[in-house]
Amino acid sequence: MKIFKTILASAFLLILTTLLSMAQEVTLEFQNAAKAMEVAQTYVKALQAGDVATMNAQFATGAMIYGLGGGLDSLTVAQHKEYYTNSTNQFKHSLSQELYLPVKVTNNWNEGEWILSWGTNTLTNKTSGKMIAVPYHTASRMENGKITFMRYWYDMLNVLQTQGFKVTSPAN
């Protein structure tokens, strides 16, 4: 786990350094940081409680969610509700090793107030009891106390292998 945290911190610093070199301005302290963190943490607590309505209440009207749903490119708030209703009916979500970082970006295409979060989502199948540990990262842009954009990244290979899929190298 220590190696994972070191790699994660190094990747974050590399991304931050790259972004800073592109003449954007980034600050970790801004007026709405505490409220933005509260919204992100409310979302996560609701996921753990299986409370999809509270999760969805953290989104602004018209928000888009990316990186969930397998092959789907994006989800609307309504599709997010359907996705997590299905998920919480089948699995209990237990999040651990959570880390939150508020970031405000100016002078760049990704301008705005963001909450970056990392952790592990341990999914327990409610029928079989089988568990899957899924490391994740999210980036959420916040406006007026609501999430307007959320991007998920998670260990999809781990999920697939846990479900019995095999990765084989090419014959050559």
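This report describes the nonpolar cores, one pocket and two individual residues of a predicted model.

**Nonpolar cores**

The largest nonpolar core comprises 24 residues, and those with the most contacts inside it are Y43, F59, I65, Y84, I147, M150 and Y152. Helices α2, α3 (52–57) and α4, together with strands β2 (59–66), β4, β6 and β7, each supply at least two residues of this core, and α2 gives the most to it, with seven residues. As a general background to such groupings, nonpolar side chains in soluble globular proteins tend to be buried together. The surroundings of I65 can be listed in detail: leaving aside its neighbours within four places in sequence, I65 is in contact with F59, S74, L75, T76, V77, H80, M150 and Y152. A second, separate core has seven residues, including L101, V103, L116 and A139.

**The second largest pocket**

The second largest pocket holds about 540 Å³ of space. Its lining is made up of 30 residues, of which L68, Y83, Y84, H93 and L123 lie nearest the centre of the pocket. Y84, which is thus among the residues nearest that centre, is also one of those with the most contacts inside the largest nonpolar core. By class, the lining residues divide into 19 nonpolar and 11 polar, with no charged residue. At least two lining residues come from each of α2 (33–49), α4 (77–90), β4 (91–106), β5, β6 (131–143), β7 (146–154) and α5 (156–162).

**E113 and L157**

The burial of two residues, one in a strand and one in a helix, is set out below.

| Residue | Element | Relative accessible area | State |
|---|---|---|---|
| E113 | strand β5 (residues 112–125) | 15% | buried |
| L157 | helix α5 | 45% | partly exposed |

E113 is classed as buried because its relative accessible area of 15% falls under the 20% cut-off. The side chain of E113 makes a polar contact with the side chain of N32, at 3.2 Å, and, not counting residues up to four places away in sequence, E113 touches F30, N32, V103, K104, S140, R141 and M142. Of these neighbours of E113, V103 is also included in the second, separate core.

L157, for its part, is partly exposed because its relative accessible area of 45% lies between the 20% and 50% limits. The C-alpha atoms of L157 and V134 are separated by 9.5 Å, with the two residues 23 residues apart along the chain.

Methods: Residues numbered from 1 in each chain as written. Predicted model: local features only at pLDDT ≥ 70, side-chain atom pairs only at ≥ 80, totals over all residues. Heavy atoms only, no water. Helix = DSSP H or I, 4+ residues; strand = E, 2+ residues; numbered from the N terminus. Buried < 20%, exposed > 50% of the residue type's maximum accessible area, 1.4 Å probe, protein only. Polar contact = N/O pair within 3.5 Å; in protein donor to acceptor, adjacent residues only side chain to side chain. Contact = heavy atoms within 4.5 Å. 1 Å grid on protein atoms, 1.4 Å probe; cavity = no way out; pocket = protein on both sides within 12 Å on 5 of 7 lines; lining within 4 Å. Points joined across faces, edges and corners; volume = space filled by probe spheres on them. Nonpolar A, V, L, I, M, F, W, Y, C, P; charged D, E, K, R; others polar. Core = buried A, V, L, I, M, F, W, Y, C linked by side-chain atoms within 4.5 Å.
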